[in-house]
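Trainee: I have a structure open on my screen and would love to walk through it with you. Could we take it one feature at a time?

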Amino acid sequence: MDFFKNIILKKETLGNNKLIEDTTSIHIAFGIDANFTIGTGVLIYSILQHNNNNIVFHIFTDSIYPEDISRFKELTYKANNISIIIYYVNPNKFSTLPIFFTWSQAMYYRFIISKLLYNITDNILYLDSDILCLNSFENLFHQNFSSNIAGVVSDHDSMLNYAQKAFNLNSNYYFNSGFLIINLTNWEKNNISDKAISLLLNKNNFKYYDQDVLNLLLANKTLLLEKKYNTIYHLADMNTPISNDTIFLHYSGSVKPWQAWGQYHFLTPLWLKYKNNSPWKDVPIFQPKTYKQAKFMTRMSYRNKKFIKSIYWYIKYSFWKIKSKLKV
């Protein structure tokens with residue numbers, strides 16, 4: 001498929017560049033834009049606290065700040081068993097695909113992984129950047145895939161109901177695409193990336209875009225894994241404790257622990273603990289910059305009985321929204 005031709009503009013390798021050829025290395029991939037780099041950095045740091053394997057991290061991005069490159073380098077200086085490879089994606093390739101204000105086109109960068117890495121490793125772990133590693137995941141790479149294309153974790157039951165009604169999903173579960181342990185041989189053999197892009201270009205009834213498409217294409221072709229590998233948690237509306245055996249805690253949804261409107265939840269300090277010991281320790285928490293973000297700040301402040309702050313941000317939200325509409 002011509003879509004993936006010349007999709008990488010350049011590549012930059014940090015750390016131990018010999019690990020890419022080491023057959024014992026574990027490979028982990030991310031697809032991000034500059035705004036999610038802090039999440040990726042803290043996630044990588046948390047992974048290194050609980051895993052001693054040789055690991056190659058593959059970051060697919062359309063932009064990254066120089067100071068974040070320096071922080072990634074700092075990680076490699078402290079650990080000689082890792083390599084970080086940054087692939088600079090041609091953003092124009094994805095400009096016609098649908099996006100949402102909380103999801104940029106970086107959600108589609110996971111479809112590049114197999115095109116570049118299928119001859120490097122058999123299995124690769126894809127992770128969203130709003131995840132935290134809390135325990136060792138070594139056993140994850142000992143799964144027997146057989147003919148399955150990926151190992152996945154099911155999402156909330158309501159998501160299966162949605163998918164069955166929206167696009168007649170023929171499966172007993174709907175999985176969250178923020179965690180995928182991919183068998184690259186089976187993925188390529190089934191042309192998953194090409195089919196996914198084709199569907200996204202030609203159909204527009206998907207609500208969760210890449211995730212819906214993957215559930216459609218991988219129906220009955222996945223290995224269902226335990227919830228501990230992708231404990232899905234919404235900071236906006238969940239308050240239940242997590243299990244002690246949780247391996248990956250996924251801060252799913254529109255509220256993230258690095259955002260000011262995500263600071264009220266009892267699980268945010270856990271993320272902050274890792275951040276404050278990582279090279280991103282001096283990066284400030286993100287403040288609202290758009291009227292939609294100000295709306296989140298208003299709502300979360302009100303829910304947590306910070307009424308004066310809620311009023312302040314409601315005024316900002318109203319002003320910014322009017323200003324935004326006048327520009328149209």
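Mentor: Gladly, and keep in mind that this is a predicted model. Let's begin with the open spaces.

Trainee: What volume does the second largest pocket have, and which residues are closest to its centre?

Mentor: The second largest pocket has a volume of about 310 Å³. Its lining is made up of 16 residues. Those closest to the centre are Thr-23, Thr-24, Ser-25, Ile-26 and Thr-121.

Trainee: How many residues of each class line the second largest pocket?

Mentor: Sorting the lining by class gives three groups: nonpolar, polar and charged. The counts for the second largest pocket are four nonpolar, eight polar and four charged residues.

Trainee: What about enclosed space: how many cavities of 30 Å³ or more turn up, and which residues line the largest cavity?

Mentor: Searching the whole structure gives one cavity of 30 Å³ or more. The largest cavity holds about 30 Å³ of space. By class, its lining has four nonpolar, four polar and no charged residues. The residues are Ser-171, Tyr-173, Phe-175, Asn-215, Leu-218, Ala-219, Asn-220 and Thr-222.

Trainee: On to the sheet. In what order do the strands lie, and which are the edge strands?

Mentor: Eight strands build an open sheet with mixed pairing, in the order β1-β4-β3-β2-β5-β8-β7-β9. On average, neighbouring strands in this sheet are turned by 20° against each other, direction ignored. An edge strand pairs on one side only, and here that describes β1 (8–15) and β9 (222–224).

Trainee: How many bridges join β1 to β4, and which residue stands opposite Ile-8?

Mentor: Strands β1 and β4 (residues 82–89) run antiparallel, with seven bridges joining them. Opposite Ile-8 in β4 stands Val-89.

Trainee: Which residues of helix α6 are buried, and which helices do they pack against?

Mentor: Helix α6 covers residues 192–202, and its buried residues are Ile-192, Ser-193, Asp-194, Ala-196, Ile-197, Leu-199 and Leu-200. As a rule, an α-helix has 3.6 residues a turn, so residues three or four places apart point the same way. The buried residues of α6 pack against α3 (113–117), α5 (184–189) and α7 (210–217).

Trainee: Where does Ser-146 lie, and is it buried or exposed?

Mentor: Ser-146 sits in the loop between β6 (131–133) and β7 (150–152). Its phi is positive, near 55°, although Ser-146 is a residue other than glycine. With a relative accessible area of 59%, which is over the 50% cut-off, Ser-146 is exposed.

Trainee: And Tyr-209, is that one buried or exposed?

Mentor: Tyr-209 is found in the loop between α6 and α7. Tyr-209 also has a positive phi, about 45°, without being a glycine. Because its relative accessible area is 14%, under the 20% cut-off, Tyr-209 counts as buried.

Trainee: Last one: how accessible is Ser-63, and which residues does it touch?

Mentor: Ser-63 belongs to the loop between β3 (55–61) and α2 (66–78). Its relative accessibility is 30%, so Ser-63 counts as partly exposed. Leaving out residues up to four places away in sequence, Ser-63 touches Asp-33 and Ala-34.

Trainee: How far apart in space are Ser-63 and Ala-163?

Mentor: Along the sequence, Ser-63 and Ala-163 are 100 residues apart. In space, going from C-alpha to C-alpha, the distance between Ser-63 and Ala-163 is 33 Å.

Note on methods:
Residues numbered from 1 in each chain as written. Predicted model: local features only at pLDDT ≥ 70, side-chain atom pairs only at ≥ 80, totals over all residues. Heavy atoms only, no water. 1 Å grid on protein atoms, 1.4 Å probe; cavity = no way out; pocket = protein on both sides within 12 Å on 5 of 7 lines; lining within 4 Å. Points joined across faces, edges and corners; volume = space filled by probe spheres on them. Nonpolar A, V, L, I, M, F, W, Y, C, P; charged D, E, K, R; others polar. Pairing = 2+ DSSP bridges. Helix = DSSP H or I, 4+ residues; strand = E, 2+ residues; numbered from the N terminus. Axes fitted to C-alpha atoms, helices over the stretch in contact; angles between N-to-C directions. Buried < 20%, exposed > 50% of the residue type's maximum accessible area, 1.4 Å probe, protein only. Contact = heavy atoms within 4.5 Å.
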